[in-house]
Amino acid sequence: MQNQRTIETLIAGFGGQGVLSAGKVLAFAALYGGREVSWMPSYGPEQRGGTANATVIVSRDAISSPIVSTFDAAILLNRQSVSKFAGSVRSGGLLVCDSSVADAAVARPGVDVLSVDAAAEAKAAGSARAATMVMLGVLIGRTQVVDPARVAESLRHVLPPRHHDLIDVNMRALRRGMAIAGS
Amino acid sequence: MKRTSTDTIRREGRVVHRRTPLLTDAHMHYCPGCNHATVHRLVAEVLDEMGLQADAIGIGSVGCSVFIYNYIDIDWIQASHGRAPAVATAVKRLNPSRLVFTYQGDGDLAAIGTAETIHACNRGENIAIIYVNNSIYGMTGGQMAPTTPLGMRTSTTPQGRDARLHGYPLDICRLLRRLSGVGFMARRRVDTPRHIRTAKQAIREAFECSLAGRGTAVVEIMAECLTNKF
Amino acid sequence: MTEQTADLLKGNEALALAAIRYGCDGYFGYPITPQSEVLETLMAEAPWETTGMVVMQAESEPAAINMVYGGAACGRRVMTSSSGPGISLKQEGISYLAGAELPALIVNVMRGGPGLGTIQPSQADYFQAVKGGGHGDYRLIVLAPAGVQDMADFVSLAFDLAFAYRVPAMILADGAIGQMMEKVTLPPWRRRLTDAEIAERYPWAAVGKPASRSRNVLTSLELDQAVMERKSLALQERYARIEAAETRSEAYLTDDAEMLLVAFGSAARIYRKTVDLARQRGVRLGLLRPVTLWPFPTQAIARLVGQVTSVLVVELNAGQMVEDVRLAAGGRVPVEHYGRLGGVVFSPDEILEAALSQWNKTNRK
């Protein structure tokens, strides 16, 4: 996937899981890496708990549509997301899903399916709250969609200054995810 | 009768009346006996005496006084029904050195514009509100206003205002005076020369209050609508 | 607030930052999804400490639009933003702005309706923006941004047009553009006008009457029919000048097109990709995007209608702009509509299918 000019990704789960923020981390890392990028959220009325997803497109060329119906890579964090989006990953693409809902993910020929116990891995990295960053690490590790070195810079931008003490643990979670991805 | 020349009067007499410089020559459209004419003149006199013609921006409203911009010679903005305090808010914030005042009736201020009135006063906008309360909708032909007293007959309360049907008269100044943003409030009448003088003094103090940045100034003038008395 | 190169911003954020840079004098708003970031961004930037721009959270949408009316009457560059339900509440004020010939900027970040509707993106307020909205014979200049860069660039365009013609202008965006983040280059800084410059440039403004001129009165009221008709005709004449000089559209691969897509705003953005996909399948599709919805690019569409076999109008509504496209086409070719409602946004593939199916239908005949 590294050689593709455009990589279209989706992150989906519950609101409050950091879905939109993880998308932003990915988007700003791409921006700082000199790529074209779009971040398109679905937004719900609830601040916490509703379903949320973000489409992030990273490209070497100008992006025509920020909205797409199929993806090169997806992180799916809950059952609703798996049933809604598992079939939208293109052949040759990557599907990263939480092991707690992996049974719902139909094995699809030609799709690289990685099931990760995000909460346990994040806890091992230092904070169970960094679960989504583990998953982002898996996605970045497999796809090389952005330079992982740009993620720390991106976190500094996306996290409010009062949470900058969490950058380290988030980076540890990201690297743990990349290790799981085998990169 | 012998004609006395102006010069003779100037030489021998004393001036008891002069035309208010800031009132225009336009023929006022008000009904005979209407208090608006008196209040217009008081506003114009105070603006003139305070030397504010170049510094005043008036906000007109919708009601009998809708044509006030034809009568007082300053810059005017005609607001939609009830929204004059919102219009004045922006005008004052964007022109902090100016005297910004609204001229509103009770239908405009205390019915459709209740929210704008309360919130402008609550924010303590440095504007003055000249509130002429004749307890009726005059321009549209004498319908009940929120201020109409119980028992009073109007074209929409032909049997007299009944609290069970129409609720109670709204004394909005009693609400407004509790708000921290209000810097000056007075209730006056213009039915006798003495009352007219005290009303003028209140208008002057209201303008001074808003120019000094002490918060919203409200002057309620208790007025009569003779045409629509049933 | 340094000079930025490219940043990644939401459409709502880009709009707010562009307004400060443009030298906007005042913003008056009321929270509503999906555009609350405009007010939030302005409050966080605190421009009253730098450029002197006034930012206010009003008590209601009617109050907000009437604050805009007051600011505009003083010759200031003032704006508001909202979404469908709030824009409906502002229609009275917008009509008064038009009637008193006042320049101002109103931004509608559309969501699905009617009523409280949904907070998801939609283009269902086209009729309201383009055909009137409030009472009386009036027009708004309506600009439809297709991406975040347009949200930044259209602030100055809208203000410049509004002041050039003394009419209110509207940026008609939607929730997708307001909420999505894209790379954007913010416009250069411009200085706010001084009081003296405003008095000189806008001699009609109510700023306090000096002895040197007669009083300025900003009103839409006129009870003499003859005078009111003259005023109304003068306004219509101004609208005719705007139609002649300010119509804008953007064509994508229309030179050799056999079939034409017409879409505005976020839809136009998405369907560029549809055009590319269709051409890969051997159908020479072209896209015309009206940038100004009023004045509408009737001529540009009429010219293209001569070379294509059919037209597909794609909108996030039940079929609104399609009426203007049909007027432009004058019955020469079939003009079909494809829409989704309720906040559903379709993908380029979905439109490709719709376009190909229409293509096959038209060319079988």
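This report walks through how three chains, A, B and C, meet in a predicted model, and then looks inside chains C and A.

## Who touches whom

Let's begin with the overall arrangement. Two pairs of chains are in contact, and the pair that shares the most contacts is B and C. Chains A and B, on the other hand, have no contact joining them, and their closest C-alpha atoms lie 27 Å apart. Chain C is in contact with chain B, and chain C is also in contact with chain A.

## Where chain C meets chain B

Here 33 residues of chain C are in contact with 29 residues of chain B. Which elements of chain C each supply at least two residues to this side? They are β2 (26-29), α3 (61-73), α5 (91-99) and β9 (217-218). The largest share comes from α3(C), which provides eight residues. Sorted by class, the side of chain C that touches chain B holds 17 nonpolar, ten polar and six charged residues.

A pair of strands also crosses between these chains. Strand β2 of chain B (residues 75-78) is joined to β9(C) by two bridges, and the two strands run parallel. To find this spot in the structure, look for B:W76, which stands opposite C:V217 in β9(C).

## Where chain C meets chain A

On this side, 18 residues of chain C are in contact with 17 residues of chain A. Two or more residues come from each of β8 (181-185), α11 (265-280) and α14 (348-364) of chain C. The largest share belongs to α11(C), with five residues. By class, the side of chain C that touches chain A divides into eight nonpolar, two polar and eight charged residues.

Strands pair across this boundary too. Do strand β2 of chain A (residues 36-42) and β8(C) pair in the parallel or the antiparallel sense? They pair in the antiparallel sense, over two bridges. A:S38 has C:E182 in β8(C) as its bridge partner.

## Two domains inside chain C

Now let's look within chain C. Its domain assignment gives domain 1 (6-195) and domain 2 (250-364). The centres of these two domains, taken over C-alpha atoms, are separated by 28 Å.

The domains touch each other: 26 residues of domain 1 of chain C are in contact with 21 residues of domain 2 of chain C. On the domain 1 side, at least two residues each are supplied by α6 (126-130), β6 (141-143), β7 (168-174) and α8 (175-179) of chain C. Of the elements on that side, α6(C) gives the most, with four residues. The residues on the domain 1 side divide into 17 nonpolar, six polar and three charged.

## A closer look at chain A

Chain A has six helices and six strands. Reading from the N terminus, its elements run β-α-β-β-β-α-β-β-α-α-α-α. The radius of gyration of chain A is 15 Å, close to the 16 Å that the globule rule gives for 183 residues, so chain A is as compact as a globular protein of that length. Along the principal axes, the C-alpha atoms of chain A fill a box of roughly 40 × 40 × 35 Å.

How much of chain A is buried? Buried residues make up 52% of its 183 residues. Among the contacts in chain A with a separation of 6 or more, 60% are between residues 24 or more positions apart.

Terms used
Residues are numbered from 1 along each chain as its sequence is written. Chains are lettered from A and ligands numbered from 1 in the order in which they are written. This is a predicted model: local features need pLDDT of at least 70, side-chain atom pairs count only at pLDDT 80 or more; totals for chains, interfaces and linings use all residues. Two residues are in contact if their C-beta atoms, placed from the backbone, lie within 7 Å. Ala, Val, Leu, Ile, Met, Phe, Trp, Tyr, Cys and Pro count as nonpolar, Asp, Glu, Lys and Arg as charged, and the others, Gly among them, as polar. Two strands pair if DSSP finds at least two bridges between them. Domain bounds come from an automatic or database domain assignment. The radius of gyration is taken over C-alpha atoms; the globule rule is 2.2 Å times the number of residues to the power 0.38. A residue is buried if 20 or more other C-beta atoms lie within 10 Å of its own, exposed if 12 or fewer, and partly exposed in between; C-beta atoms are placed from the backbone.
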